[in-house]
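Please find below some notes on the strand pairing and helix packing in this model. They are arranged as numbered points, region by region.

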Amino acid sequence: MARQGTGALLGSGTLGFPPQNLARVVVWEWLNEHGRWRPYSAAVCHHIENVLKEDARGSVVLGQVDVQLAPYVIDLQSMHQFRQDTGTMRPVRRNFYDPSSAPGKGIVWEWENDNSSWTPYDMDICITIQNAYEKQHPWLDLSSLGFCYLIYFSSMSQMNRQTQRRRRLRRRMDLAYPLTMGSIPKSQSWPVGSSTGQPCSCHQCLLVNSTRAASNAILASQRRKLYAGAGTGTVPVRQSSTFAGATLWPSAGGTAKGEAPRVPSGAFGCSQSTPGTVQLPGLNNLNRPGTQRGAAGSARTTVPAGVPALPVKNLNGTGPVHPALAGMTGILMCAAGLPVCLTRAPKPILHPPPVSKSDIKPVPGVGGICRKTKKKHLKRSKNPEDVVRRYIQKVKTPPDEDCTICMERLVTSSGYEGVLSHRGIKPELVGKLGKCGHMYHLLCLVAMYNNGNKVGAHAGTGSVGTRYGAECPLGLSLQDGSLQCPTCKAIYGEKTGTQPPGKMEFHLIPHSLPGYTDSKTIRIVYDIPTGIQGPEHPNPGKKFTARGFPRHCYLPDNEKGRKVLKLLIVAWDRRLIFTIGTSNTTGESDTVVWNEIHHKTEFGSNLTGHGYPDPNYLDNVLAELLAQGVSEATLKD
């Protein structure tokens with residue numbers, strides 16, 4: 001498993017760009033809250049490029065290619081990503097890389113996060129890791145890129161130099177990023193091209209275009225009125241670089257004479273004083289401190305007569321104006337100093353009306369009304385070799401491809417040779433999993449099973465996890481006699497999780513969910529107290545928190561809803577509903593979090609995305625349960 005050569009220490013400025021008359025790989029990226037440019041997937045980038053070719057000033061609905069990105073829309077003209085349910089705006093850019101680099105080959109490097117899912121590295125880091133990997137460096141120091149991490153290719157792990165914590169990383173093949181030709185800049189984070197062809201007639205684009213037209217018409221009216229009095233001794237005031245001398249939304253047919261052809265790169269940035277210019281009332285309101293904003297608000301009573309006011313209503317999503325677009329309109333109109341009528345954002349309806357005890361009934365066809373779990377000792381199989389042999393078939397002539405556990409070729413010995421030795425299992429033996437057919441070294445599967453779901457924290461014990469200090473591979477169960485394929489996640493045996501002790505209650509209440517007016521509602525109540533982490537958890541012996549309990553969840557009382565409830569009960573008994581990790585919402589570590597089985601916690605609305613109506617929810621949660629090894633066949637056993 002050892003790689004030849006010396007480690008790689010990066011010098012600054014090692015990531016350059018080839019001459020600009022060559023082909024480039026295009027990677028679209030968005031700016032996160034930490035100031036890092038995060039790449040979209042190759043499939044999403046292909047989709048954006050296709051839309052860009054048709055209409056360089058249009059909008060891209062990301063949900064058309066990736067359902068997880070359904071709330072997001074990219075406006076190519078302003079080069080921003082909008083989240084439609086919250087109105088959050090983030091800059092995007094079109095970046096270019098060498099075709100021979102990782103994105104041009106479809107190679108993605110990822111690290112395993114605390115939720116046992118994989119996160120891709122930033123593209124410059126991905127390219128750097130791939131370059132070192134191709135040169136067969138045994139390790140790579142990322143400190144010159146601003147990260148205190150060491151990459152070890154022999155163990156496929158990442159180590160934090162300060163905390164010494166290690167995480168697994170992996171290299172996988174994906175779709176290659178799109179290729180483009182011609183003279184292009186190193187990166188592009190401003191509006192692109194001019195509109196060609198017929199404008200899109202979809203609902204989203206019509207709303208965006210109508211917002212642009214209304215904003216430009218009102219600003220033009222304001223500018224004519226105020227510039228007419230500029231020669232009468234009007235005093236120059238502060239001017240915002242965001243809107244100075246340009247329309248907010250350039251028209252599809254080009255730009256007016258004397259106006260900027262695109263939105264300046266300093267949009268929504270700092271303001272500046274521009275002598276000899278005239279400021280629209282309240283123009284720089286977005287860039288002022290809170291006290292100055294209040295003063296500007298009181299000054300709006302001096303808006304010249306005849307200025308049109310645009311009421312922005314329907315913020316509850318029931319009208320034709322989408323909440324995000326309504327919010328954008330409000331921002332634009334307020335920045336122009338125009339009166340805007342905004343209605344209050346509605347509050348989610350999290351709970352049903354009060355229900356008396358006499359109205360609470362058992363769920364038909366489901367026995368009992370409560371399940372409790374206590375702290376259980378992990379079930380250990382007789383030995384790892386027996387577990388592995390139970391699910392694999394030996395392969396006499398393995399193909400010449402990588403074992404995705406040790407990253408060595410299947411035709412050679414396992415990378416764990418010399419690290420792990422088991423009687424009767426030679427390092428060159430290869431097995432094929434029975435259901436999915438994926439092949440691995442038998443010794444690698446044994447090492448994977450031995451590592452369990454545990455961070456290797458007990459130095460010197462000699463286990464695989466402690467040998468490299470890596471977190472458990474994704475395909476591991478808790479040495480409970482089950483095995484999960486690290487490639488396709490197929491489960492062999494009965495998978496159990498790390499859910500802390502708690503209680504699950506379920507009953508029927510006489511109220512209906514939106515979209516299920518003919519059915520009553522199944523209410524599930526989960527309650528998990530704080531406690532001490534066990535040996536299967538990330539930090540044994542350390543206290544864990546349990547925020548937001550008891551948690552109330554809702555299902556329609558119909559045939560499919562009752563089926564989902566029965567499977568959720570099985571998942572609860574197997575400790576799969578919750579786990580201990582880091583909260584995606586608050587960032588708190590060592591706390592109880594959901595374990596990839598989504599629940600509906602909003603009773604009478606769907607403002608947060610966790611409510612009804614949602615016609616696909618029941619099918620989606622059945623698929624998530626199946627991915628955890630909980631299927632309808634379980635109910636028949």
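1. S11 and S12 make a hairpin with four residues between them, and Met156 in that turn has a positive phi of about 50°. Helices (H or I, at least four residues) and strands (E, at least two) are DSSP runs, numbered from the N terminus. The model is predicted: local features need pLDDT of at least 70, side-chain atom pairs count only at pLDDT 80 or more, and totals for chains, interfaces and linings use all residues. Residues are numbered from 1 along each chain as its sequence is written, and side-chain values use heavy atoms, with hydrogens and water left out.

2. Strand S11 (residues 149–152) pairs with S12 in the antiparallel sense over four bridges; two strands count as paired if DSSP finds at least two bridges between them. Opposite Ile151 stands Gln158 in S12.

3. S12 also pairs with strand S13 (residues 166–173), antiparallel and over three bridges. Ser157 has Arg168 in S13 as its bridge partner. These two strands form a hairpin with five residues between them, and Gln164 in the turn has a positive phi of about 65°.

4. Which residues of strand S12 are buried on each side? Ser157 and Met159 are buried on one side, and Gln158 and Asn160 on the other, so both faces of S12 (residues 157–160) are covered. Buried means under 20% relative accessible area, exposed over 50%, and partly exposed in between (1.4 Å probe, protein chains only). In a regular strand the side chains alternate between the two faces of the sheet.

5. Further along, S19-S20-S21 is the order of an open sheet of three strands with antiparallel pairing. Strand S19 (392–395) and strand S21 (439–441) are its edge strands, each pairing on one side only. The twist averages 40° from one strand to the next; axes are lines fitted to C-alpha atoms, for helices over the stretch in contact, and angles run from 0 to 180 degrees between N-to-C directions.

6. Four bridges join S19 to strand S20 (residues 430–433), and Gln393 has Lys432 in S20 as its bridge partner. Helix H7 (residues 384–391) lies across S19 and S20, at about 80° to S19. Helix H8 (residues 442–451) lies across S19, S20 and S21, at about 80° to S21. Contact means heavy atoms within 4.5 Å.

7. A four-stranded open sheet has the order S18-S24-S25-S28 and antiparallel pairing. Its edge strands are strand S18 (370–373) and strand S28 (551–556), and the twist averages 15° from one strand to the next.
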